[in-house]
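Reader: I should like to learn how to read the features of a protein model, beginning with its sheet. Please give the general idea first and then the case at hand.

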Amino acid sequence: MTPPRWIETGRGSHGLVFLHGVSGGALGAADLLPRITPPGWRGLAWDMPGYGGSAPLEPFDFDGLAAALLALIDAAGFDQVVLVGHSMGGMVALHTAAAFPNRVSGLVLACCTPAFGARGGPQQQAFLARRVGPLDDGASMRELAVELIPTMVGPGGDPQVVGDAVDLMAAIPPASYRAAMRAVVGFDQRAALSGLTMPALVLAGTHDSVSQPLVLRRMAERIPHACYRELDAGHLAPFEEPEAFAEAVQAFLAGLDNAPVTFVL
């Protein structure tokens, strides 16, 4: 498999990979990546398949996304990495950690949930109607982004953060966005949580109405070596509060040497 495109920063033998959400991309992490990457580490941020410079994936599902992520990790020359996943990126991180625990030395799960419920349930259908329906009615990706992105930030959200996120989402190919949304609504890794043995940091946005803090707190309670923290932000917490996000990630990385790790092969 051809590995997805990525950007990177830093030099070192330790690696972390930032995985963006449905409305993101590698370029959205260009400023964040150096903040969260400590000395002695290489930080990578991917374009999910079908996004940015990465080739589309067919079929587009979490097994395929995990395989694409492993191809990236191999191409970058790492045996193991820490996965830092935001929103759908956290789902990719969870799926990969459950399927390939020997390749993941730590998890940072930001503003993501372990499941989306039944694919055909009313909550899922309402979610798809909000997120995809405007495209069906003829809206462009930019028009959809202008409608959705402001609802994802916390009170007093920085207009620059909103504008940057709108520009990023506007550049996503509609077919890739639709495929990602279809994958998200069928995601469910709840049964895998208790078997995750790598250290984990779960980060919630206090004002996140997409991935609510209570859900993330309960997820953290089910992961054996997880800790939980909230940031004063909405669903775009890593970008709304980049300093607090970076401090939390770097503190987690600094503690990995003392964390209990048991890989299940």
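Author: The turns below deal with the sheet, a helix and some aromatic pairs. The model is predicted, so local features need pLDDT of at least 70 and side-chain atom pairs count only at pLDDT 80 or more, while totals for chains, interfaces and linings use all residues. Residues are numbered from 1 along each chain as its sequence is written, and side-chain values use heavy atoms, with hydrogens and water left out.

Reader: In what order do the seven strands of the open sheet stand?

Author: Strands (E, at least two residues) and helices (H or I, at least four) are DSSP runs numbered from the N terminus, and two strands pair if DSSP finds at least two bridges between them. Here the order is β1-β3-β2-β4-β5-β6-β7, with mixed pairing. β1 (6–9) and β7 (226–231) are the edge strands, each with a single partner, so one side of each lacks a neighbour in the sheet. From one strand to the next the twist averages 20°, where axes are lines fitted to C-alpha atoms, for helices over the stretch in contact, and angles run from 0 to 180 degrees between N-to-C directions.

Reader: Which strands pair with β5, and in what sense?

Author: β4 (residues 81–86) and β5 are parallel over six bridges; among the residues involved, Gly85 has Leu109 of β5 as its bridge partner. From β4 the chain passes through helix α3 (residues 88–99) to β5 in a right-handed β-α-β crossover; right-handed means that, with the strands pointing away from the viewer, the path from the first strand over the helix to the second runs clockwise. β5 is also parallel to β6 (residues 200–205), through four bridges, and Val108 has Leu201 of β6 as its bridge partner. By contrast, β1 and β3 run antiparallel, joined by four bridges, with Thr9 partnered by Gly43 of β3.

Reader: Is β5 covered or open to solvent, judged by how many of its residues are buried?

Author: Buried means under 20% relative accessible area, exposed over 50% and partly exposed in between, with a 1.4 Å probe and protein chains only. In β5, seven of its seven residues are buried. Trp46, in strand β3 (residues 41–46), counts as buried at 1% relative accessibility.

Reader: Where do the buried residues of helix α11 lie around its axis?

Author: An arc can be taken from the directions that lead from the helix axis to the C-beta atoms. In α11 (residues 242–254), Phe245, Ala246, Ala248, Val249, Phe252 and Leu253 are buried. Their arc is only 165° around the axis, which puts them on the same side of α11. The face turned away from this buried side carries the exposed residues Glu243 and Ala254.

Reader: How many aromatic pairs are there, and what geometry do Phe18 and Phe239 adopt?

Author: Rings of Phe, Tyr and Trp (its six-membered ring) pair if their centres lie within 6.5 Å; planes under 30 degrees apart count as stacked, over 60 as edge-to-face and the rest as tilted. The count comes to three aromatic pairs. The ring centres of Phe18 and Phe239 are 6.3 Å apart and the planes are at 85°, so this pair is edge-to-face. It links distant parts of the chain, with Phe18 in strand β2 (residues 14–19) and Phe239 in helix α10 (residues 237–240), 221 residues apart. Phe18 is buried at 3% relative accessibility, whereas Phe239 is partly exposed at 25%. Phe116 and Phe127 form a tilted pair, 4.8 Å centre to centre with 55° between the planes.
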